[in-house]
Amino acid sequence: MATTMILDCDPGHDDAIAILLALGSPEVDLIGITTIGGNHGLDKVTHNARAVCELAGRPETPIHAGCRRPLIRRPIDAAYIHGETGLDGVDLPEPSRPLAAQHAVDWLIETIMGREPGTITIVPTGPLTNIAMAARLEPRIVARVKEIVLMGGAYGVGNATPVAEFNILCDPEAAQIVFNESWPVTMIGLDVTHRALCTPEVQADLCEANPRLADAVGGLMDFFRSTYRDQEAFPDPPTHDPCAVARVIDPSLIPTRRCPIDVELRGTLTYGMTVTDMRALVDDSDPACTTRVGTGLDAERFWELVADALARLG
Ligand code: BDR
Ligand code: CA
């Protein structure tokens with residue numbers, strides 16, 4: 001049976017691939033997308049999410065715009081990676097459907113409370129403001145969510161700072177709320193996603209998988225590669241966000257370990273760090289610890305999954 005999924009995102013080149021992966025995978029029933037200011041401001045990323053659904057031929061996908069600002073800190077963005085539009089490098093179709101009127105946080109609560117408990121998986125691939133707000137506004141959702149599988153954080157090297165990953169650093173206070181609630185959280189961090197490199201060979205396979213989408217996917221990846229080369233000294237872009245969707249589709253692609261994870265809020269040098277206790281003090285079956293961390297990636301099978309999903313989008 002397909003996993004009922006909500007994608008909470010800030011497209012963003014890799015968020016766009018995450019949306020396409022979810023829409024093109026029969027293992028996923030994507031019941032809605034919520035957006036959050038992150039890679040760019042809320043209006044741009046919301047427009048981008050709608051344009052990507054239009055591109056995918058799925059304009060009816062419900063999309064709800066969420067929070068404009070982090071809980072406490074000032075907003076930051078990643079225009080230096082994703083360009084002025086948030087999705088530079090590609091001409092996307094104009095959205096044909098109006099944006100849903102309901103705020104993402106209200107929609108999340110209504111949807112989670114309205115469905116059977118334990119049926120909805122949330123995949124956040126941006127800052128965690130919407131998810132934290134929803135948990136505070138309606139605490140009963142926490143016990144009803146099946147799982148949160150998020151792209152964010154790292155137990156090793158960071159990207160926005162030496163130790164902090166961008167999504168977490170955008171709103172560390174929200175991230176701390178999400179990691180400390182009792183719902184199961186799986187962190188797919190940079191330790192995993194830095195292995196999801198879109199090499200020119202991978203890109204050629206993705207473009208070949210669906211000729212109709214080839215210009216868009218190629219344009220996105222060319223731009224993403226150029227900024228990752230210039231700004232981060234990566235030869236090929238790590239395609240972070242679809243890794244979280246892939247973990248839901250096929251857990252065997254990304255091994256995980258159960259271990260405590262918390263977010264540093266006071267360190268001068270470490271603000272936004274996801275402090276991951278890898279000392280093996282927790283037994284893998286210990287239900288008292290509700291957080292897991294991804295530790296590897298079968299990159300070859302991951303990219304096959306993405307290519308197959310693109311091919312299905314017709
Ligand atoms: C994360 O930051 C964003 O720029 C990407 O979309 C991804 O979600 C990687 O650190
Ligand atoms: Ca993202």
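**View 1. Coordination of the calcium ion (ligand 2) by Asp10, Asp15, Thr125 and Asp241**. In this predicted model, the calcium ion (ligand 2) is held at distances of 2.3 to 2.5 Å by OD atoms of Asp10, Asp15 and Asp241 and by the O atom of Thr125, with Asp15 entered twice among the donors. Along the chain, these donors follow the spacing D-x4-D-x109-T-x115-D. Distant parts of the chain are linked by the pair Asp15 and Thr125, which are 110 residues apart, Asp15 belonging to helix α1 and Thr125 to the loop between β4 (120-124) and α5 (129-137).

**View 2. Polar side chains that approach oxygen atoms of ligand 1**. A polar side-chain atom of His82 lies 3.1 Å from an oxygen atom of ligand 1, while a side-chain N or O atom of Asn159 is found 2.8 Å from an oxygen atom of this ligand. For Glu165, the corresponding distance between a side-chain N or O atom and an oxygen atom of ligand 1 is 2.4 Å. Ligand 1 exposes 280 Å² when taken alone, and 97% of that area is buried by the protein.

**View 3. The cavity and the shell of residues around ligand 1**. The space that ligand 1 takes is the largest cavity, and the elements that contribute two or more residues to the surrounding shell are α1 (13-23) and α7 (166-170). Ligand 1 is surrounded by Asp14, Asp15, Asn39, His82, Thr125, Met151, Asn159, Glu165, Phe166, Asn167, His240 and Asp241, a shell that divides into two nonpolar, six polar and four charged residues. Asp15, Thr125 and Asp241, which are among the residues around ligand 1, also provide donors to the calcium ion (ligand 2).

How values were computed
Residues are numbered from 1 along each chain as its sequence is written. Chains are lettered from A and ligands numbered from 1 in the order in which they are written. This is a predicted model: local features need pLDDT of at least 70, side-chain atom pairs count only at pLDDT 80 or more; totals for chains, interfaces and linings use all residues. Side-chain values use heavy atoms; hydrogens and water are left out. A residue is near a molecule or strand if one of its heavy atoms lies within 4 Å of it. A polar contact is a pair of N or O atoms within 3.5 Å; within protein, one must be able to donate a hydrogen and the other to accept it, and residues adjacent in sequence count only if both atoms are side-chain atoms. Accessible areas come from the Shrake-Rupley method with a 1.4 Å probe; for residues, only the protein chains shown count as cover. On a 1 Å grid over the protein atoms alone, a cavity is a set of points where a 1.4 Å probe fits but cannot get out, and a pocket is an open set with protein on both sides within 12 Å along at least five of seven lines; lining residues have an atom within 4 Å of a point. A molecule sits in a cavity or pocket if more than half of its atoms lie within 2 Å of its grid points. Helices (H or I, at least four residues) and strands (E, at least two) are DSSP runs, numbered from the N terminus. Ala, Val, Leu, Ile, Met, Phe, Trp, Tyr, Cys and Pro count as nonpolar, Asp, Glu, Lys and Arg as charged, and the others, Gly among them, as polar. Donors are N, O and S atoms within 2.8 Å of the metal (3.2 Å for Na, K and Ca); water is not among the atoms, so sites may look incomplete.
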